[in-house]
Amino acid sequence: MPDVKVTVVGAGQVGATAAFVLALHKTADVVLVDIDESVAQGKALDMMHARSVERFGVTLIGSADYHATSGSDVVVITAGLPRKPGMTREDLLRVNGEIMRSVITQAAAASPEAVFMCVTNPLDVMTYLAWKVSGLDASHVLGMGGVLDSARFAYFISQATGTPVEEVDALVIGAHGDTMVPLPRLAKAGGRPLAELLSPERIEEVVQRTVFGGAEVVRLLKTGSAFYAPAVAVASMVRAVVDDARAAMPSCVLLTGQYGLSDLYLTVPAVLGRQGVVDVPEIDLTDQELHALHASAAGVREGIHALERGDRG
Ligand code: APR
């Protein structure tokens, strides 16, 4: 059993489920942090009760105190509020921005060597904020959104083509929101390009269902948003880091000139390892795909500016 420690901040739907997946996979000892300490403790205890059945061996504890998180290898941040009726996107930015500032400052002080993985929405702006506020090297700050969006894309492709999902390759880049950029040109099912299997109209349907996949779940749940698929997406990225997998995964990372973009966080394929983001190799995109990526980036920049305007006002 590797001696690995992972902190998950936010013991809500996504955070607690991710913590449980990490325990079931025996990835690490987990500290679950929440402003509501009793909820964090209750969920950790409930998960520990499963230990004698699942024999996962690792420990889970709940706390509101960042001392308990010190020396973590990875810190996952899911703390935040969902958008409520009457709240504008800018209101949400402000509220979750305040939460992100407070969390990253305390968590980074306790675990200065950790890799920080943001999940709180709006993802791209929150990850940028976490990087700015913490002063950490950008290789140690990344966000989870693209693994989830790509998983949704893969699922819908598998359904549309009748191919087992394990045989589907699907990639989504760009912002984690309505302007995300699914790349059907690069998608394959059973080793065959999507264009050989589906009509352009059907491909467009699959793309649209992917883009609004999160909203579809929200509508069905009536309260709250998706958490099972987000949680396993988080756990898979944490595993890539702690195992030093050096595999490319769609990750929200700082762009420093790739795709003609810089000084913003956006999802593109990035190589993850023990040191966090090890490399951001550029993939070839068509002019149209690049144009869509830049449009997506423009939306993220607007969010960053809105946050900065809020700071000044
Ligand atoms: N410090 C620690 N925990 C906090 C803080 C804080 N400052 N503020 C809020 N929390 C906790 C809440 O108490 C709650 O337990 O964050 C948790 C959020 O959980 P949920 O409301 O269940 O939200 P969840 O569905 O898990 O989503 C969390 O991830 O996917 C994104 O859009 C989603 O931004 C949201 C985040």
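## What counts as a pocket

A pocket here is an open set of grid points, where a 1.4 Å probe fits, with protein on both sides within 12 Å along at least five of seven lines, and a residue belongs to its lining if one of its atoms lies within 4 Å of a point. With that in hand, welcome to the structure, which is a predicted model.

## The second largest pocket

Let us begin with the second largest pocket, which has a volume of about 280 Å³. Its lining is made of 16 residues, and those nearest the centre are Arg 152, Gly 213, Val 217, Ala 226 and Ala 229. Helices H6 (146-161), H9 (213-221) and H10 (228-242) are the elements that each give two or more residues to this lining.

Which helix gives the most to the lining of the second largest pocket? That is H9, with five residues. Sorted by class, the lining holds eleven nonpolar, two polar and three charged residues.

## Around the ligand

Now to the ligand, which has 16 residues around it; Gln 13, Val 14, Asp 34, Thr 78 and Asn 121 come nearest. In this shell, eight residues are nonpolar, seven are polar and one is charged. Helix H1 (13-24) and helix H4 (89-110) each provide at least two of the shell residues.

Several polar atoms of the protein meet oxygen atoms of the ligand. In Asp 34, a polar side-chain atom sits 2.6 Å from a ligand oxygen. For Asn 121, an N or O atom of the side chain is 2.7 Å from an oxygen atom of the ligand. Val 14 takes part through its backbone instead, with a polar atom 2.8 Å from a ligand oxygen. On its own the ligand would expose 730 Å², and the protein buries 80% of that.

## Two spots in the backbone

Here is some background for two backbone details: most peptide bonds are trans, and most residues other than glycine have a negative phi. Asn 121, already met beside the ligand, is joined to Pro 122 by a cis peptide bond, with omega near -5 degrees. Pro 122 lies in the loop between strand E5 (115-118) and helix H5 (123-134).

The other spot is Lys 222, which is not a glycine yet has a positive phi of about 70 degrees. Look for Lys 222 in the loop between H9 and H10, two of the helices that help line the second largest pocket.

## The chain as a whole

Stepping back, the chain has eleven helices and 14 strands. Its C-alpha trace spans about 55 × 50 × 40 Å along the principal axes.

How does the radius of gyration fit a compact globule? A compact globule of 313 residues would have a value near 20 Å, so the 19 Å of this chain agrees.

Notes
Residues numbered from 1 in each chain as written. Heavy atoms only, no water. Near = heavy atom within 4 Å. Polar contact = N/O pair within 3.5 Å; in protein donor to acceptor, adjacent residues only side chain to side chain. Areas by Shrake-Rupley, 256 points an atom, 1.4 Å probe, with all protein chains shown as cover. Helix = DSSP H or I, 4+ residues; strand = E, 2+ residues; numbered from the N terminus. Nonpolar A, V, L, I, M, F, W, Y, C, P; charged D, E, K, R; others polar. 1 Å grid on protein atoms, 1.4 Å probe; cavity = no way out; pocket = protein on both sides within 12 Å on 5 of 7 lines; lining within 4 Å. Points joined across faces, edges and corners; volume = space filled by probe spheres on them. Rg over C-alpha atoms; globule rule 2.2 N^0.38 Å.
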